[in-house]
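Please look over the sequence and the model below before reading on. The paragraphs after it go through the chains and then through some of the packing between helices.

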Amino acid sequence: MTALGPAPAPAPPAGDPVPAPPLVELRGVRAAYGTIEVLHGVDLSLMPGEVLAVLGPNGAGKTTMLNVLAGLHPLSGGDVFVAGRRTNGASAADLARVGLCLVPEGRGIFPNLTVRENLRMAAHAGHDPRAVEEAAYERFPRLAQRRRQLAGTLSGGEQQMLALARGLATDPAVLVLDELSMGLAPLVVEELYGQVAELARRGVSILVVEQFARVVLGVADRAAIMLGGRVTDVGAPDEIESKLSAAYLGG
Amino acid sequence: MSDNDNTERVERFKAEVAAMHLRDPATGLDRLLVRLGVAGLVAGPCFSIAAWFIAHGTRNPLQQRDAIVVGLIGVTLAVVGGALFVKGAMAGFLRFWMARLCYEQGAQADRLAAALTGRTSPEAAEAAAAAASDGRAPAEAETAAGDKDASRTG
């Protein structure tokens, strides 16, 4: 692997408008757990202000891909570019500090801390903890009622709201969501995706991995299908929706 | 947040990413440190044992003092090597252990809350609420939530 540097941009044909460079780009990304390779060359890009949904069955490598992007899992090949800079080997803490925020599968909240304490944990240097709390309560009024309650005693939906609110406390430029709907009732999922749509309207770039295709495709600008550690299709949500059953059932 | 605000945020993001101090992963510094640590752990005791034989095999105090220095170098190598090995090799293990601990705590808190309130899991309660709004039987919804829980823990 060569030294770190900016992504080489191919020159556009003369006369065509110059497209905006992607905010996040994965090129031929490979990753493994021990000797078992689970990502076999993933190519994907997220444009500024876009909502990109990645769909696929269990074991397709979606979560691993997000972990690689967020600096939580090492690459065994390929490159990750964030804002045009190769970030292979960047730590998760550094990426989160600059504004690439991952809301992990299983929520990742601190169950033995209260809602307020969880929110305060998210307020890093330069963010006023009170402002973080107020913003979270404004976005999710249910959390305000539970502010002194242990996070582990919240319902699944409230825990996911807390995880999302904690992610948003860092003022992310890129929000990466992993299985937001996991283990939640459809009504709660719709409420959470309402918040995601609101964030998208505000221009936050969002990469969301999901199995609940119907809801996420309603919010996404583009969608991708991931199968067996590769991105097999990228396109408009309608186009991807029609290919989903074949992808899941192998038709 | 207006479009201008968002453009500003994206520009700030680009500037911050450009200013990040990144280490080239190709250098493999972590792996090198672990190997150095292992070498220190092996060489340190060897130095100390050799020093004992040197000191034991002579009555010359000057040679014995040299042997003491060699022995101390061996101890230092072993301690520093051990520290490097623990830092490099154990960090990954401890990270997983901590993640596991957090998960276990979460599961324990769920069980405790369910036992204290005498209710079913939050997921089951939510599923029942959703089912009520859809006109399904709560028992049916709880079964569905139970299936979800089983697939999550399984």
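What follows describes chain A as a whole, then two helix pairs within it, and finally chain B.

The model is predicted, and the values given here are computed from its atoms. Chain A contains nine helices and 10 strands, and of its 251 residues 51% are buried. Among the contacts in chain A with a separation of 6 or more, 68% join residues that lie 24 or more positions apart. The surface that chain A exposes comes to about 10,600 Å², with carbon and sulfur atoms supplying 54% of it.

Within chain A, helix H6 takes part in both of the pairs considered here, and a convenient place to begin is its meeting with helix H3. The axes of H3(A), which spans residues 115-122, and of H6(A) come within 8 Å and cross at roughly 30°. Because angles under 35 degrees count as roughly parallel, H3(A) and H6(A) are therefore roughly parallel to each other, and the crossing in which H3(A) passes H6(A) is right-handed. On the side of H3(A) the contact is made by A:Val115, A:Asn118, A:Leu119 and A:Ala122, while H6(A) contributes A:Leu162, A:Ala165 and A:Arg166. Taken by class, the residues of this contact between H3(A) and H6(A) are five nonpolar, one polar and one charged.

The other pair joins H6(A), residues 156-168, to H7(A), residues 186-201, and here the axes come within 10 Å and cross at roughly 15°. That angle makes H6(A) roughly parallel to H7(A), and the crossing of these two helices is right-handed. From H6(A) the contact draws on A:Gly157, A:Gln160, A:Met161, A:Leu164 and A:Leu168, and from H7(A) on A:Val188, A:Glu191, A:Leu192, A:Gln195 and A:Leu199. The residues at which H6(A) meets H7(A) comprise six nonpolar, three polar and one charged.

Chain B can be described through its overall composition. Its secondary structure consists of five helices and zero strands, so that, read from the N terminus on, the elements of chain B follow the order α-α-α-α-α. Of the 154 residues in chain B, 21% are buried, and residues 24 or more positions apart account for 61% of the contacts in chain B that have a separation of 6 or more. The accessible surface of chain B amounts to about 10,600 Å², and 66% of that area belongs to carbon and sulfur atoms.

Notes: Residues are numbered from 1 along each chain as its sequence is written. Chains are lettered from A and ligands numbered from 1 in the order in which they are written. This is a predicted model: local features need pLDDT of at least 70, side-chain atom pairs count only at pLDDT 80 or more; totals for chains, interfaces and linings use all residues. Side-chain values use heavy atoms; hydrogens and water are left out. Axes are lines fitted to C-alpha atoms, for helices over the stretch in contact, and angles run from 0 to 180 degrees between N-to-C directions. Helices (H or I, at least four residues) and strands (E, at least two) are DSSP runs, numbered from the N terminus. Angles under 35 degrees count as roughly parallel, over 145 as roughly antiparallel, 65 to 115 as roughly perpendicular and the rest as oblique. A crossing is left-handed if the near helix is turned anticlockwise from the far one by less than a right angle, and right-handed if clockwise. Contact means heavy atoms within 4.5 Å. Ala, Val, Leu, Ile, Met, Phe, Trp, Tyr, Cys and Pro count as nonpolar, Asp, Glu, Lys and Arg as charged, and the others, Gly among them, as polar. Buried means under 20% relative accessible area, exposed over 50%, partly exposed in between (1.4 Å probe, protein chains only). Accessible areas come from the Shrake-Rupley method with a 1.4 Å probe; for residues, only the protein chains shown count as cover.
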